[in-house]
Amino acid sequence: MAPGFDPLELLKSAKGGHIVALGLRHVAHGDDWCEFALDYDRRLVSDATSGILASGPIVSLMDTAAGFAVWTRRGTFAPQATLDLRLDYLRPSHVGEAVIGRAECYRITRRIAFVRGVAHDGDPSDPVAHLAGTFMLLGDPA
C-alpha cells in the first residue's frame, strides 16, 4: 500500500457530509482500491410500497469508494474532482440488504485518475451496478 494515506484516519475526522448522513461504513481497502457499505435504511427508500433503495445513495456510495480508491493509489489525500462518473444501474438492490461498493483506481496519469467498480448486495457476481469514472487531480502533479 502506498504510504501516506489511511482511509480510516480520514473517516475518523468526518463530522458531517454525505458519508455521515448516509451512514457509509468502511469495509476494507488495499493499495489501489476501497470498499464501503451502505446499510439498508428506510429513509433512503425510493418507493415506500416496494422498499427498494433509491439510486442516489448508491451513486454516492460508489463516488465515495472511487474517490478513496484514488487517494489510496496516490498515497495521499490531495484535492481532486469527479470529472465523469458513469453508473450502470443493473437491478434494484434486495430490500433489507446492505449494498457494498468496491472501486479500484487502475490507472493514473499526470492529471487524471481512472476508476472502475461494482456495487452488490452480497454476491459480486450478481451486481446492482457497475461504475466507470475519471477524476481530475488538482494541485501539483506528482
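Q: In this predicted model, which side chain meets that of Arg43 in a salt bridge?
A: Arg43 counts as exposed, because its relative accessibility is 62% and the threshold for that class is over 50%. Its salt bridge has an N to O distance of 2.7 Å. The partner of Arg43 is Asp41.

Q: Which residues are joined into one network by salt bridges that share partners?
A: A search of the whole structure finds seven salt bridges. Some of the salt bridges share partners and so form a network. Its members are Arg91, Asp121 and Asp126.

Q: How many residues apart in sequence are Arg25 and Asp39, whose side chains meet in a salt bridge?
A: The N to O distance of this salt bridge is 2.7 Å. The pair links distant parts of the chain, with Arg25 in strand 1 and Asp39 in the loop between strand 2 and strand 3. In sequence, Arg25 and Asp39 are separated by 14 residues.

Q: Is Glu35 buried or exposed?
A: The side chain of Glu35 meets that of Arg102 in a salt bridge at 3.6 Å, N to O. This pair connects strand 2, which holds Glu35, with strand 6, which holds Arg102. Arg102 is partly exposed at a relative accessible area of 33%. Glu35 has a relative accessible area of 14%, under the 20% limit, and is therefore buried.

Q: What distance separates the end C-alpha atoms of helix 3?
A: Helix 3 covers residues 55-74 and is followed by Gly75, whose phi is positive, near 75 degrees. At 1.5 Å a residue, its 20 residues should span 28 Å. The modelled separation agrees with this expectation, at 29 Å.

Q: The side chain of Thr64 reaches the backbone oxygen of which residue?
A: Thr64 lies in helix 3 and counts as buried because its relative accessibility is 6%. Leaving aside neighbours within four places in sequence, Thr64 is in contact with His18, Ile19, Leu24 and Phe36. At 2.8 Å, its side chain reaches the backbone oxygen of Ser60.

Q: How far apart in space are Leu10 and Phe77, C-alpha to C-alpha?
A: Leu10 is found in helix 1 and counts as partly exposed at 22% relative accessibility. Beyond four places in sequence, Leu10 touches Phe5, Phe68, Trp71 and Phe77. Leu10 and Phe77 are 67 residues apart in sequence, yet their C-alpha separation is 8.6 Å.

Q: What accessible area do Leu83, Met136 and Leu138 have together?
A: Leu138 lies in the segment after strand 8 and is partly exposed, with a relative accessible area of 35%. Together with Leu83 and Met136, Leu138 forms a nonpolar patch on the surface. The accessible area of the patch is about 240 Å².

Notes: Residues are numbered from 1 along each chain as its sequence is written. This is a predicted model: local features need pLDDT of at least 70, side-chain atom pairs count only at pLDDT 80 or more; totals for chains, interfaces and linings use all residues. Side-chain values use heavy atoms; hydrogens and water are left out. Patches are made of residues with over 30% relative accessible area and no salt bridge: like charges are joined within 9 Å, nonpolar side chains (Val, Leu, Ile, Met, Phe, Trp, Tyr) within 5 Å. Accessible areas come from the Shrake-Rupley method with a 1.4 Å probe; for residues, only the protein chains shown count as cover. A salt bridge is a side-chain nitrogen of Lys or Arg within 4 Å of a carboxyl oxygen of Asp or Glu. Helices (H or I, at least four residues) and strands (E, at least two) are DSSP runs, numbered from the N terminus. Buried means under 20% relative accessible area, exposed over 50%, partly exposed in between (1.4 Å probe, protein chains only). Contact means heavy atoms within 4.5 Å. A polar contact is a pair of N or O atoms within 3.5 Å; within protein, one must be able to donate a hydrogen and the other to accept it, and residues adjacent in sequence count only if both atoms are side-chain atoms. The expected span of a helix is 1.5 Å times one less than its number of residues.
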